[in-house]
Amino acid sequence: KAHTRTRKGAVKLRSIDYAEKHGYVKGVIKEIIHDPGRGAPVAKIQFLNAYRYKRDNELMLATEGMYTGQYIYCGKKATLTVGNVLPLSSVPEGTIVCNVEAKVGDRGSFARGSGTFAVVVSHDADKGTTRLRLPSGGKKTVPSGVRAQIGVVAGGGRTDKPLLKAGNAYHKYSVKRNCWPKIRGVAKNPVEHPHGGGNHQHIGKPSTCGRERPAGRKVGLIGARRTGRLRGVKKTGQDKD
């Protein structure tokens with residue numbers, strides 16, 4: 001069966017509208033639900049529709065500290081509280097945010113995995129941009145008008161507990177996609193993999209592989225700049241600015 005049939009739906013911020021650009025909109029958290037195949041819980045938030053007599057349900061990432069019945073405010077004039085959605089221009093430097101947009105109105109791109117967050121490093125008012133530190137440690141410059149949720153994505157520390165047995169791994173990946181179990185290339189036959197065959201399990205050719213190799217031959221360390229163990233002090237690009 002398809003593994004997507006149990007999914008709850010796309011998890012995004014609200015579509016940007018006049019109220020969010022100039023004021024704020026209030027919503028209430030109806031429930032916090034588990035989305036199969038996603039490590040982080042999801043919050044179902046209900047907003048009043050601005051144009052028709054109805055309520056809109058949105059699925060957003062649950063941040064740590066959210067609870068059912070809590071009011072969530074989205075927009076430029078919203079307060080700086082965990083769970084609220086604000087444009088980065090209204091957020092002071094050093095704030096911890098998550099589910100950050102890459103472009104205005106794309107409804108969330110960065111820092112969406114369980115327990116992740118981005119940090120607002122600095123604002124450049126002249127260019128209208130903001131520097132972020134992403135969960136990977138890299139820095140990213142985005143327009144200051146993009147929106148983000150305040151706080152840390154819930155479900156952190158998920159990887160601290162070991163899976164312990166193959167059955168747990170089986171169930172974990174069966175709701176994600178067909179990527180488990182992974183058989184090593186050297187354990188296969190030559191007809192199935194470039195590393196297969198031979199009287200001993202050995203690769204028999206360099207494990208690195210060019211970026212432009214044809215599909216099928218492109219296995220191993222693709223486009224490797226270096227190989228081997230990382231020795232000495234790790235020089236990161238974090239401390240430049």
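Which residue in β7 is the bridge partner of isoleucine 96? In this predicted model, the partner in β7 is valine 119. The contact belongs to the pairing of strand β6, residues 96-98, with strand β7, residues 118-124. These two strands are antiparallel and are joined by two bridges. Strand β7 also pairs with strand β8, which spans residues 129-133. Here the sense is again antiparallel, and the number of bridges is five. Within this second pairing, valine 120 lies opposite leucine 132 of β8. The connection between β7 and β8 is a hairpin with four residues between the strands. Glycine 128 is located in that turn and has a positive phi of about 70°.

A further set of pairings involves strands β1, β2 and β3. Strand β1 covers residues 25-33 and strand β2 residues 42-48. The two run antiparallel, with six bridges joining them. Valine 28 has glutamine 46 of β2 as its bridge partner. On the β3 side, glutamine 46 stands opposite asparagine 57. Strand β3, residues 55-61, pairs with β2 in the antiparallel sense over seven bridges. A hairpin is formed by β2 and β3, and six residues separate the two strands. As to solvent accessibility, five of the seven residues of β2 are buried, so this strand is largely enclosed by the rest of the structure.

Salt bridges were counted over the model, giving seven. In general terms, side chains of opposite charge can pair when their charged atoms come close. One of the salt bridges connects arginine 147 with glutamate 20, and the closest N and O atoms of this pair are 3.0 Å apart. The contact links distant parts of the chain, since arginine 147 lies in strand β10 (residues 147-150) and glutamate 20 in helix α1 (residues 18-22), with a separation of 127 residues. Arginine 147 has a relative accessibility of 3% and therefore counts as buried. Glutamate 20 is likewise buried, because its relative accessible area is 4%, under the 20% limit for that class.

Arginine 147 forms a salt bridge with glutamate 101 as well, with an N to O distance of 2.8 Å. This pair also joins distant parts of the chain: arginine 147 in strand β10 and glutamate 101 in the loop between β6 and β7 are 46 residues apart. Both arginine 147 and glutamate 101 are buried. The contacts of arginine 147 form part of a network of salt bridges that links Arg14, Asp17, Glu20, Glu101 and Arg147.

Another salt bridge is formed by lysine 44 and glutamate 31, for which the closest N and O atoms are 3.4 Å apart. Lysine 44 is in strand β2 and glutamate 31 in strand β1, and the two residues are 13 apart in the chain. What are the accessibility classes of this pair? Lysine 44 counts as partly exposed because its relative accessibility is 27%. Glutamate 31 is also partly exposed, with a relative accessibility of 33%. Both values fall between the limits of 20% and 50% that bound this class.

The search for aromatic pairs over the whole structure returned one. This pair consists of tyrosine 24 and tyrosine 73 in an edge-to-face arrangement, with 5.6 Å between centres and 75° between the planes. The residues are 49 apart and belong to distant parts of the chain: tyrosine 24 is in the loop between α1 and β1, and tyrosine 73 is in strand β4, residues 71-74. Tyrosine 24 is partly exposed, at a relative accessible area of 48%. Tyrosine 73 is partly exposed too, with a relative accessible area of 25%.

Empty space was examined last. Rolling a probe the size of a water molecule over the atoms shows where such space is left. The largest pocket holds about 380 Å³ of space. Its lining comprises 16 residues, of which Gly39, Arg158, Leu163, Asn168 and Lys172 are the closest to the centre of the pocket. By class, five lining residues are nonpolar, six are polar and five are charged.

Note on methods
Residues numbered from 1 in each chain as written. Predicted model: local features only at pLDDT ≥ 70, side-chain atom pairs only at ≥ 80, totals over all residues. Heavy atoms only, no water. Pairing = 2+ DSSP bridges. 1 Å grid on protein atoms, 1.4 Å probe; cavity = no way out; pocket = protein on both sides within 12 Å on 5 of 7 lines; lining within 4 Å. Points joined across faces, edges and corners; volume = space filled by probe spheres on them. Nonpolar A, V, L, I, M, F, W, Y, C, P; charged D, E, K, R; others polar. Salt bridge = Lys/Arg side-chain N within 4 Å of Asp/Glu carboxyl O. Buried < 20%, exposed > 50% of the residue type's maximum accessible area, 1.4 Å probe, protein only. Phe/Tyr/Trp six-rings, centres within 6.5 Å; stacked < 30°, edge-to-face > 60°.
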